[in-house]
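Hi everyone, thanks for making time. I'd like to walk you through one structure today, starting with its open spaces and working inwards. Have a look at it first.

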Amino acid sequence: MAINIRQDPVTHLMHSAEHDFLELAAPGVRVLQPYQPGKPVAELEREIGIRHAIKLASNENPFGPSPRALAAGTAAMQDIARYPDGSGHALVTRLARLHDIAPGSITLGNGSNDVLDLVARVFLTPDFEAIFSQYAFAVYPISVQAVGAVARVAAAHDGSRGSAYGHDLAAMRALVSERTRVIFIANPNNPTGTWLGGAELEDFVASLPAHVLVVVDEAYFEYVDAPAYPDTSRWLDRYPNLIVTRTFSKAYGLAGLRVGYALSHPAVAGLLNRVRQPFNVNLVAQAAALAALDDTQHLHDCVQRNRAGMQQLLAGFREQRLPYIESAGNFVAVDVGCPGPQVYQALLREGVIVRPVANYAMPNHLRVTVGSAGENTRFLTALAKVLS
Ligand SMILES: Cc1ncc(COP(=O)(O)O)c(C=O)c1O
């Protein structure tokens with residue numbers, strides 16, 4: 001009896017070595033450039049055969065998480081044969097208390113990047129547009145392009161009206177059209193460190209038509225002490241089209257565990273939760289994040305130490321006559337007066353990893369995370385050496 005072998009066109013294509021998989025990819029993905037993360041310490045040490053390299057490249061907390069978060073995460077390891085609580089009940093309840101908001105207004109993310117992606121997947125299609133600023137956080141264009149939507153980039157301030165490199169809200173407002181669905185605002189922004197004051201930002205949010213959602217990305221919220229800096233989570237009752245994102249990756253020192261969240265109108269959260277992977281925040285991460293929220297002293301200490309470290313870096317830049325962009329975060333962009341990627345390479349050879357930002361069209365800047373006092377000294381010394 002003859003066996004009928006059916007030719008499966010898909011399988012057939014997959015086995016063709018010459019096949020151009022790019023052609024098969026969704027149009028938005030075809031033009032995507034992947035996000036470039038900071039170089040890990042272990043990779044640099046392996047590459048150049050050194051030890052004790054330092055990483056000031058990913059805006060992590062150099063002081064680590066609360067010991068309580070570590071203990072809770074370690075204890076939770078006992079249960080990792082089980083799936084996490086997909087609703088994140090305990091963490092969501094605790095966050096609701098922290099923000100004095102209904103639990104139904106919270107969407108958990110695998111880092112806040114995940115939430116940014118959820119927003120794009122829920123509200124953007126190739127028929128719609130998203131707006132963000134020049135020099136804005138590099139994940140926005142990726143999330144927008146991945147769903148094939150159109151990115152409209154507003155020119156940043158040139159320094160004549162607002163802080164140079166900062167978001168120009170008037171320019172962003174001018175791009176709003178019938179096709180706009182999402183606006184991303186990083187406050188403060190990475191890699192520039194620039195921030196927007198409450199009055200200016202609220203005027204902007206209030207001016208938006210109802211069909212436009214505005215995401216205020218507050219990844220560095222806990223670090224900011226600029227007097228006019230707003231806590232936009234307090235505005236949610238007034239603006240149903242507002243989405244505020246926060247993270248445990250920065251001041252809480254849990255970047256490796258990946259926990260972030262969005263605060264929004266419950267109807268928006270309901271939509272985000274439709275596309276959210278049910279177990280996007282793992283069991284250890286949920287336990288550690290929950291415990292981290294209880295250690296306000298640790299958070300306070302990290303923020304204070306960041307402030308001291310920032311002053312140390314700025315003093316070092318002034319001494320070396322290097323202009324920098326005033327920053328409200330735990331990082332600062334410094335103008336090294338020559339191509340940043342070259343200085344970055346030279347610093348690597350000194351065992352110091354920072355971040356070139358030429359991909360943000362800031363060719364002479366390096367973005368440096370505020371480290372411990374010792375790390376800052378080591379970086380400043382290495383910088384003086386490589387620039388001499
Ligand atoms: C402005 C901004 N938003 C969001 C994130 C995402 O952080 P995570 O996904 O770790 O919460 C970062 C991380 O660098 C950031 O700088």
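Let's begin with the largest pocket, whose lining is made up of eight nonpolar, eight polar and seven charged residues. Please keep in mind that this is a predicted model. The space in that pocket comes to about 450 Å³. Its lining has 23 residues, and those closest to the centre are Tyr-35, Ser-58, Asn-113, Phe-137 and Lys-250.

The second largest pocket has a volume of about 360 Å³. Here 20 residues form the lining, with Ala-136, Ala-138, Pro-141, Asn-359 and Tyr-360 closest to the centre. What does this lining look like by class? It has 14 nonpolar and six polar residues, and no charged ones. As for where they come from, strand 3 (129-133), helix 8 (139-146) and strand 4 (150-154) each give at least two residues. Helix 8 has the largest share, with three.

Now for the closed spaces. How many cavities of 30 Å³ or more are there? The count is two. The largest holds about 60 Å³, and some names will sound familiar: Tyr-35, Gln-36, Ala-138, Arg-355, Pro-356, Val-357, Asn-359, Tyr-360 and Arg-367 line it. So you can place them, Tyr-35 was one of the residues closest to the centre of the largest pocket, while Ala-138, Asn-359 and Tyr-360 were on the corresponding list for the second largest pocket. By class, this cavity lining has five nonpolar, two polar and two charged residues.

The second largest cavity has a volume of about 40 Å³. Around it sit Ser-66, Ala-251, Tyr-252, Ala-292, Asp-295, His-298 and Leu-299. Four of these lining residues are nonpolar, two are polar and one is charged.

Let's turn to the packing. The largest nonpolar core has 48 residues, and the ones touching the most other members are Ile-106, Ile-183, Ile-185, Leu-201, Phe-204, Val-214 and Phe-248. Helix 12 (residues 283-294) contributes the most to this core, with five residues. Another core, of 32 residues, lies apart from it and includes Leu-116, Leu-124, Ala-149 and Val-357. That last residue, Val-357, also lines the largest cavity.

Which residues does Phe-248 touch, leaving aside neighbours within four places in sequence? The contacts are Leu-91, Leu-95, Gly-253, Leu-254, Ala-255, Val-259, Tyr-261, Ala-289 and Leu-293.

Ile-106 takes us to strand 2 (residues 106-109), which is covered on both faces. Ile-106 and Leu-108 are buried on one side, and Thr-107 and Gly-109 are buried on the other. Strand 2 runs antiparallel to strand 8 (residues 260-264), with four bridges between them. One pair to pick out is Gly-109 with its bridge partner Gly-260.

There is also an open sheet of three strands, in the order 9-12-11, with antiparallel pairing. Strands 9 and 11 are at the edges with a single partner strand each, so one side of each has no neighbour in the sheet. Five bridges link strand 9 to strand 12, and Phe-331 has Thr-369 as its bridge partner in strand 12.

Helix 14 (residues 340-349) has Gly-340, Val-343, Tyr-344, Ala-346, Leu-347 and Leu-348 as its buried residues. Their cover includes helix 4 (41-48), strand 10 (352-353), strand 11 (355-356), strand 12 (365-369) and helix 15 (373-387). Just after helix 14, Gly-351 has a positive phi of about 80°.

Finally, some backbone details for the modellers among us. Asn-187 and Pro-188 are joined by a cis peptide bond, with omega about -5°. Asn-190 and Pro-191 are joined by a cis peptide bond too, with omega about 15°. Pro-188 is in the loop between strand 5 (180-186) and helix 10 (198-207), and Pro-191 is in the loop between strand 5 and helix 10 as well.

Two arginines have positive phi values. For Arg-258, phi is near 70°, and the residue sits in the loop between strand 7 (242-247) and strand 8. For Arg-321, phi is near 55°, and its place is the loop between helix 13 (296-319) and strand 9 (331-335). Are these two buried or exposed? Arg-258 is partly exposed, at 26% relative accessibility, whereas Arg-321 is exposed, with a relative accessible area of 75%.

That's my tour, and I'm happy to go back to any part of it.

Conventions:
Residues numbered from 1 in each chain as written. Predicted model: local features only at pLDDT ≥ 70, side-chain atom pairs only at ≥ 80, totals over all residues. Heavy atoms only, no water. Core = buried A, V, L, I, M, F, W, Y, C linked by side-chain atoms within 4.5 Å. Buried < 20%, exposed > 50% of the residue type's maximum accessible area, 1.4 Å probe, protein only. Contact = heavy atoms within 4.5 Å. 1 Å grid on protein atoms, 1.4 Å probe; cavity = no way out; pocket = protein on both sides within 12 Å on 5 of 7 lines; lining within 4 Å. Points joined across faces, edges and corners; volume = space filled by probe spheres on them. Nonpolar A, V, L, I, M, F, W, Y, C, P; charged D, E, K, R; others polar. Pairing = 2+ DSSP bridges.
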